Amino acid sequence: MSTTQSERLRGLLEPLIAARDLDLEEIEVTPAGKRRVLRIVVDSDEGVQLDECAALSREASEVLDDSDVMGGAPYTLEVTSPGADRPLTELRHYRRAVGRLIKAQLHEGGELVARITAVDESGLDLEVPGVKGRKPTARRVSFDEIAKARVELEFNRKSDKRDAQHDEKIDENKEEA
């Protein structure tokens, strides 16, 4: 996608996305046979629900149809949230990952797998899991030390207090419904 098209798409779509209190994470146009796919990736601190993606897709479709930014060639519009394994590149990504396990490649070499316990403007407070029965250790890492990072998917995570409280709220909401 050309820079000009990217800038025009961003200028056209960002106000719609911001009006829904969402962050525009990415706009991508890729060829798909005789068509193109316009993928709009949005996120928020609370996550993004499917209904919200559908509503935003309808609004974006109308705005795009009324403009010439996509040209005359056919395209498919996709509005989605970032995948669970997307790279952590912005401060807001790290804040949204507090409590999650991450894998970070460090500039000095080496890899670090740890749970984010806190985030501020300069870096992360981490809990590094203990090895072979040892207790976890705390570690501070500045953003300057991180070459790249992403959330690690956990399928068998032991639940903690926060998870239990979250589950209780879900149960309460089900009972009220």
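## Close-up views of a predicted model

**View 1. Arginine 39 pairs with glutamate 28.** Arginine 39 is partly exposed, at 26% relative accessible area. The model shown here is predicted. Which residue forms a salt bridge with arginine 39? Glutamate 28 does, with the closest N and O atoms 2.8 Å apart. Glutamate 28 belongs to strand E1 and arginine 39 to strand E2, so the salt bridge ties together parts that are eleven residues apart in sequence. Glutamate 28, too, is partly exposed, with a relative accessible area of 27%. Both values fall between the 20% limit for buried and the 50% limit for exposed.

**View 2. The whole chain holds four helices and eight strands.** From the N terminus, the order of elements is α-β-β-α-β-α-β-β-β-β-β-α. The chain has 177 residues, and 30% of them are buried. About 11700 Å² of the chain is exposed. Carbon and sulfur atoms supply 47% of that area. Consider the contacts between residues at least 6 apart in sequence. Of these, 53% join residues at least 24 apart.

**View 3. Three strands make an open sheet with mixed pairing.** The order across the sheet is E1-E2-E3. Strand E1 (23-32) and strand E3 (75-80) each have a single partner strand, so one side of each has no neighbour in the sheet. From one strand to the next, the twist averages 15°. Strand E2 (residues 35-43) and E3 run parallel, joined by six bridges. Leucine 38 has leucine 77 of E3 as its bridge partner. Helix H2 (residues 50-65) packs on this sheet, touching E2 and E3. The direction of H2 makes about 145° with that of E3.

**View 4. Five strands make an open antiparallel sheet.** In what order do the strands lie? The order is E7-E6-E5-E4-E8. Strand E7 (137-142) and strand E8 (146-151) are the edge strands, and each pairs on one side only. Here the twist averages 40° from one strand to the next. Strand E5 (residues 111-119) and strand E6 (residues 123-128) run antiparallel, with four bridges between them. Alanine 118 stands opposite aspartate 125 of E6.

**View 5. Leucine 106 sits in strand E4 (residues 101-106).** Is leucine 106 buried or exposed? Its relative accessibility is 14%, so leucine 106 counts as buried, because buried means under 20%. Beyond its neighbours within four places in sequence, leucine 106 is in contact with Leu112, Arg139, Val141, Glu145, Ile146 and Ala147. Alanine 147 lies 41 residues away from leucine 106 along the chain. Even so, the C-alpha atoms of this pair are separated by 5.1 Å.

**View 6. Aspartate 23 and arginine 92 meet in a salt bridge.** Side chains of opposite charge can pair when their charged atoms come close. In this pair, the N to O distance is 3.6 Å. Aspartate 23 is in strand E1 and arginine 92 is in helix H3 (residues 91-96), so the salt bridge ties together parts 69 residues apart in sequence. Aspartate 23 is partly exposed, with a relative accessible area of 24%. Arginine 92 is also partly exposed, at 30%. The count for the model comes to 16 salt bridges.

**View 7. Aspartate 120 forms a salt bridge with arginine 140.** The closest N and O atoms are 2.7 Å apart. Aspartate 120 lies in the loop between E5 and E6, and arginine 140 in strand E7, so the pair ties together parts that are 20 residues apart in sequence. Aspartate 120 counts as partly exposed at 32% relative accessibility. Arginine 140 is partly exposed as well, with a relative accessible area of 36%. Elsewhere, salt bridges with shared partners join Asp23, Glu25, Asp43, Asp45, Arg86, Arg92 and Arg96 into one network.

**View 8. Aspartate 21 and lysine 132 have positive phi values.** Neither aspartate 21 nor lysine 132 is a glycine. Phi of aspartate 21 is near 60°. Where is aspartate 21 found? It is in the loop between helix H1 (3-19) and E1. Aspartate 21 is exposed, with a relative accessible area of 66%. Lysine 132 has a phi of about 50°. Its place is the loop between E6 and E7. At 83% relative accessibility, lysine 132 is exposed.

Terms used:
Residues numbered from 1 in each chain as written. Predicted model: local features only at pLDDT ≥ 70, side-chain atom pairs only at ≥ 80, totals over all residues. Heavy atoms only, no water. Helix = DSSP H or I, 4+ residues; strand = E, 2+ residues; numbered from the N terminus. Buried < 20%, exposed > 50% of the residue type's maximum accessible area, 1.4 Å probe, protein only. Contact = heavy atoms within 4.5 Å. Areas by Shrake-Rupley, 256 points an atom, 1.4 Å probe, with all protein chains shown as cover. Pairing = 2+ DSSP bridges. Axes fitted to C-alpha atoms, helices over the stretch in contact; angles between N-to-C directions. Salt bridge = Lys/Arg side-chain N within 4 Å of Asp/Glu carboxyl O.
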